[in-house]
Amino acid sequence: MKNYQKQIEDFSIKNNFYNVNLKKIIIHSGLAKKNKDKNYIKNAFDTINFISGQKPIFSKIKKSISNFKSKIGEIAGIYTTLRKKKMWEFYHKLICIVIPKIKEFKGFDKKSIDRFGNFNLGIKDVNVFPDFVNDFKIGLNISIVVRNLNNNFEKFYKIINFPIK
């Protein structure tokens with residue numbers, strides 16, 4: 001118990017679980033290739049809404065690029081940013097339910113953490129979420145964004161029980 005309290009003091013974490021240095025979780029999916037298909041966009045919207053419990057936002061193309069056949073104002077992706085209670089609910093679901101479903105999973109590589117301590121994860125199929133029952137397949141990018149930790153990222157992820165090798 002003393003070791004845990006020392007770790008909490010090291011990161012200036014209070015007993016209130018929401019004041020931890022975890023800032024936000026961003027769930028994103030790119031839709032640029034299928035942005036003409038209204039049914040696909042609606043299903044993607046409903047999927048992220050169901051998984052996160054929060055209404056997602058459409059991101060639009062700001063500059064047209066002819067090689068990608070994209071025009072200004074078309075939908076490029078869909079995302080939602082989770083903070084506070086919803087962030088911790090999603091984090092708990094991710095750690096306790098979704099990640100253990102990955103076959104032969106032994107932990108994420110330390111190289112997945114960038115120089116600021118943020119962690120990015122890609123999920124190819126959304127059906128690994130147990131409460132989501134649908135034949136619709138979509139990939140998700142999940143970004144875990146942290147506050148400044150003075151390069152003690154590995155310790156921090158161990159404190160919040162994030163599976164890193």
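Among contacts in the protein chain between residues at least 6 apart in sequence, what percentage join residues at least 24 apart? In this predicted model, the share of such contacts that join residues at least 24 apart is 65%. The protein chain has 165 residues, and its secondary structure consists of four helices and five strands. The points below describe the chain as a whole and then turn to serine 52.

**Overall architecture**
- Along the sequence, the helices and strands of the protein chain follow the order α-β-α-β-β-α-β-β-α.

**Burial and surface**
- Of the residues in the protein chain, 39% count as buried.
- The exposed area of the protein chain is about 10,900 Å², and 51% of that area is supplied by carbon and sulfur atoms.

**Serine 52: position and burial**
- Serine 52 belongs to helix α2, which spans residues 38-52.
- Serine 52 counts as buried because its relative accessible area is 7%, and the cut-off for buried is under 20%.

**Serine 52: polar contacts**
- A polar atom of the serine 52 side chain lies 2.7 Å from the backbone oxygen of isoleucine 48.
- The side chain of serine 52 also reaches the backbone oxygen of glutamine 54, at 3.1 Å.

**Serine 52: contacts beyond its sequence neighbours**
- When residues up to four places away in sequence are not counted, serine 52 touches Ile27, Thr80 and Leu82.
- Serine 52 therefore combines a buried position, with a relative accessible area of 7%, with contacts to Ile27, Thr80 and Leu82.

Conventions. Residues are numbered from 1 along each chain as its sequence is written. This is a predicted model: local features need pLDDT of at least 70, side-chain atom pairs count only at pLDDT 80 or more; totals for chains, interfaces and linings use all residues. Side-chain values use heavy atoms; hydrogens and water are left out. Helices (H or I, at least four residues) and strands (E, at least two) are DSSP runs, numbered from the N terminus. Buried means under 20% relative accessible area, exposed over 50%, partly exposed in between (1.4 Å probe, protein chains only). Contact means heavy atoms within 4.5 Å. Accessible areas come from the Shrake-Rupley method with a 1.4 Å probe; for residues, only the protein chains shown count as cover. A polar contact is a pair of N or O atoms within 3.5 Å; within protein, one must be able to donate a hydrogen and the other to accept it, and residues adjacent in sequence count only if both atoms are side-chain atoms.
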